[in-house]
Amino acid sequence: MASDDDLLPIRALNDLLFCERRCVLHHREKVWVENRYTLEGTAAHRKVHAEPTDEELGGAGRRSRNVWLRSDRLKLVGVADLVEFRNPPSLDDSRPLLNDAEQQPVPYPIEYKRGQRRRWDNDDVQVCAQALCLEEMLGVGVPSGGVFHFKSRRRREIQFDAKLRALTEQAVARLHELLAGDTVPAPIKKPRCRGCSLYELCLPEVIVQRDRYANYLRQLYKTDTEPPST
Ligand code: SF4
């Protein structure tokens, strides 16, 4: 069994696939700043505690909110916003039950996100990691889950196929490697940096164009007593 100190938060996988630098700054260096998007995300998660509306729901079976998850194999810990425990197909279509495993409810984890309905690898990996934890904890297969997008009020289903499971396992290995290290990855400036709450601290333009800014500073503070550059 993994020591509690070795466990990493499942939600860090979302940061990792968004930007490795952001992931290390947030989860190892404890650098964090809120912006409009992070606050909207927090507000969306608060609503998970409230009574769900019909459009949020769907499927059948018991629903549990804020379900603690843990995987000793992957050394992950976290909370699923919502887990539906759906009736197994064999109960719905009146087929004869073959064994106990067939009678177990099938967990279906759902993560809540603030934006429009849209597929992102980082969201899919986060929910897949929740599914891997549920499989280890409950000993049942978790074939699918979903993301509920608050802005568009729509649910998007995710199939946990072999490709997504492999991507998730790779991301978990990379997360442990990065957070156990002592370096902070350099920024890679992308359009998404503009929405990153760490933008003002990260300064991707300055670091990416380090030589240009060093030259600028040298020019700025050059005095008349310095010999002219040749
Ligand atoms: S500003 Fe860009 S490079 Fe810097 S942490 Fe955010 S996403 Fe990463």
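**Note on the ligand shell and helices α2 and α6**

1. The shell around the ligand holds nine nonpolar residues, three charged and no polar ones. Here Ala, Val, Leu, Ile, Met, Phe, Trp, Tyr, Cys and Pro count as nonpolar, Asp, Glu, Lys and Arg as charged, and the others, Gly among them, as polar.

2. The model is predicted: local features need pLDDT of at least 70, side-chain atom pairs count only at pLDDT 80 or more, and totals for chains, interfaces and linings use all residues. Residues are numbered from 1 along each chain as its sequence is written.

3. Residues around the ligand (C-beta atom, placed from the backbone, within 6 Å of it) include Cys19, Arg21, Arg22, Arg192, Tyr199 and Cys202. At least two shell residues come from each of α2 (20-27) and α8 (199-202). Helices are DSSP runs of H or I, at least four residues, numbered from the N terminus.

4. The ligand shell lies between domain 1 (4-185) and domain 2 (187-230), because both give residues to it. The domain bounds come from an automatic or database domain assignment.

5. In α2, six of the eight residues are buried, that is, with 20 or more other C-beta atoms within 10 Å of their own, C-beta atoms being placed from the backbone. They are Arg21, Arg22, Cys23, Val24, Leu25 and His26. These residues pack against α1 (12-18), α7 (162-180) and α8, contact being C-beta atoms, placed from the backbone, within 7 Å.

6. Helix α6 (residues 121-138) has 18 residues and should span 26 Å at 1.5 Å a residue; its end C-alpha atoms are 25 Å apart, which agrees. The expected span is 1.5 Å times one less than the number of residues. Just after α6, Gly139 has a positive phi of about 70 degrees.

Terms used. Buried ≥ 20, exposed ≤ 12 C-beta atoms within 10 Å, placed from the backbone. Contact = placed C-beta atoms within 7 Å.
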